[in-house]
Amino acid sequence: VIANGNKPMLQLVDGKFWVNNHTHVIRGKNDLETKYLFYALKNTSIVPYITGAVQLKLTQANLNKIKIPYPDNSKTRTKIASILSAFDDKIELNNKINKTLEEMAQAIFKEWFIKNQKAKTKNQKLGDLVNITYGKGPASNELKKSGYPVYGANGIIGYCDSYSFSDRQIIIGCRGVVGNITLTLPKCTITHNSLVLTPLNNRKIFLYYLLKNQKLDAIAGGSAQPQITIRDLENFELAIPDEKIQDKFDSIVNIIEQKRLNNFYENQ
């Protein structure tokens, strides 16, 4: 299906579904033929066929004009569709596994530090536990479609040719989407819309999950545009457990995080 709108979207849909009158439905002679059409369209620019100033649209007449690569031999088309759909199935499986792994890590944290509350804790200010700096990344018009990931306040916003950090970093959105916590990929760049937190004790995984269970957006200030400052974070108090249990948590969840990272790179 191709949905019209300000951002026309191509999607491969399986099973039973409804569509409205702003959507084109494209079918091949069988499932693999349909999948081939999807991959061919996905790798063909449809921008020249889109019309409209305020509301973008792709008319059926223009849709019929789009030229795609189409081998005459049906076996070739079937083979291409089979290989690409197998890759997509593996990527989807890895994404599901990664979601489950993160839920497992969250469950461990909550069981150890929230639900049972067996670990003895003491209140400490975040500023005593980490170094906090503003990110410094490229302007939005300098971003590219590939390369090293560039992080904004709400995750990856684009890519560039170089990176500022070789290791994974904990970042917190400080402008726009405030309070959002991300554990970045290695070899990345971070814009000024995020604050970078470097643990003084190097327990990065524990700190990441600890912060994931805080409501950091509550400390945001500013009226026109909400924001979190370095001082806001430095004064934020946390209940910190004994270092031994932090190390134990890190040793277990580091294995989970490494598996998630491996799955991500396999998808790439």
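Which parts of the structure do the buried residues of α3 pack against? They pack against α1 (31–42), α4 (204–212), β12 (237–241) and α6 (243–267). Keep in mind that this is a predicted model. Below is a quick tour, starting with that helix and moving on to salt bridges, loops and a surface patch.

**Helix α3**

- Helix α3 covers residues 74–115, and its 42 residues should span 62 Å at 1.5 Å a residue. The C-alpha atoms at its ends are 58 Å apart, which agrees with that figure.
- Right at the start of α3, Asn73 has a side-chain oxygen that comes within 2.8 Å of the backbone nitrogen of Lys75.
- The buried residues of α3 are a mixed bag: Arg77, Ala81, Ser85, Asn94, Asn98, Leu101, Ala105, Gln106, Ile108, Phe109 and Phe113.
- Some background helps when reading that list: an α-helix has 3.6 residues a turn, so residues three or four places apart point the same way.
- Asn98 is one of the residues sitting in α3. Its relative accessible area is 13%, and because the cut-off for buried is under 20%, Asn98 counts as buried.
- What does Asn98 touch, leaving aside neighbours within four places in sequence? Its contacts are Lys259, Arg260, Asn263 and Phe264.

**Helix α4**

- Eight of the nine residues of α4 are buried, so this helix is largely enclosed by the rest of the structure.
- Those buried residues are Lys204, Ile205, Phe206, Leu207, Tyr208, Tyr209, Leu210 and Leu211.

**Salt bridges**

- How many salt bridges does the structure hold? There are ten.
- One of them joins the side chains of Arg168 and Glu257, with N and O at 3.4 Å. Arg168 sits in the loop between β7 (155–160) and β8 (170–173), while Glu257 belongs to helix α6, so this pair ties together parts 89 residues apart in sequence. Both Arg168 and Glu257 are buried.
- Arg203 pairs with Glu243, and the closest N and O atoms are 3.5 Å apart. That pair also links distant parts of the chain, as Arg203 is in the loop between β11 (194–199) and α4, Glu243 is in helix α6, and their positions lie 40 residues apart in sequence. Arg203 has 10% relative accessibility, so it counts as buried.
- Arg203 forms a salt bridge with Asp247 too, where the closest N and O atoms are 2.5 Å apart. Asp247 is in helix α6 and Arg203 in the loop between β11 and α4, so the pair ties together parts 44 residues apart in sequence. Is Asp247 buried or exposed? Neither label fits: at 38% relative accessibility, Asp247 counts as partly exposed.
- There's a network as well: Glu102, Arg168, Glu257 and Arg260 are joined into one by salt bridges that share partners.

**Helix α2 and Asn62**

- Asn62 is placed in helix α2 (residues 60–63), and at 14% relative accessibility Asn62 counts as buried.
- Not counting residues up to four places away in sequence, Asn62 touches Tyr49 and Thr51. The side chain of Asn62 reaches the backbone oxygen of Tyr49 at 3.0 Å.
- Asn62 and Leu10 are 52 residues apart in sequence, and their C-alpha atoms are 15 Å apart in space.

**Loops with positive phi**

- Lys187 isn't a glycine, yet its phi is positive, at about 55°. You'll find Lys187 in the loop between β9 (181–183) and β10 (189–190). With a relative accessible area of 40%, Lys187 is partly exposed.
- Asn202, another residue other than glycine, has a positive phi near 70°. Asn202 lies in the loop between β11 and α4. At 62% relative accessibility, Asn202 counts as exposed.

**A nonpolar surface patch**

- Which residues form a nonpolar patch on the surface? Val13, Phe17, Val19 and Val25 do, and together they have about 270 Å² of accessible area.
- Within that patch, Phe17 is found in the loop between β2 (9–10) and β3 (23–24). Phe17 has 37% relative accessibility, so it counts as partly exposed.

Methods:
Residues are numbered from 1 along each chain as its sequence is written. This is a predicted model: local features need pLDDT of at least 70, side-chain atom pairs count only at pLDDT 80 or more; totals for chains, interfaces and linings use all residues. Side-chain values use heavy atoms; hydrogens and water are left out. Patches are made of residues with over 30% relative accessible area and no salt bridge: like charges are joined within 9 Å, nonpolar side chains (Val, Leu, Ile, Met, Phe, Trp, Tyr) within 5 Å. Accessible areas come from the Shrake-Rupley method with a 1.4 Å probe; for residues, only the protein chains shown count as cover. A salt bridge is a side-chain nitrogen of Lys or Arg within 4 Å of a carboxyl oxygen of Asp or Glu. Helices (H or I, at least four residues) and strands (E, at least two) are DSSP runs, numbered from the N terminus. Buried means under 20% relative accessible area, exposed over 50%, partly exposed in between (1.4 Å probe, protein chains only). The expected span of a helix is 1.5 Å times one less than its number of residues. Contact means heavy atoms within 4.5 Å. A polar contact is a pair of N or O atoms within 3.5 Å; within protein, one must be able to donate a hydrogen and the other to accept it, and residues adjacent in sequence count only if both atoms are side-chain atoms.
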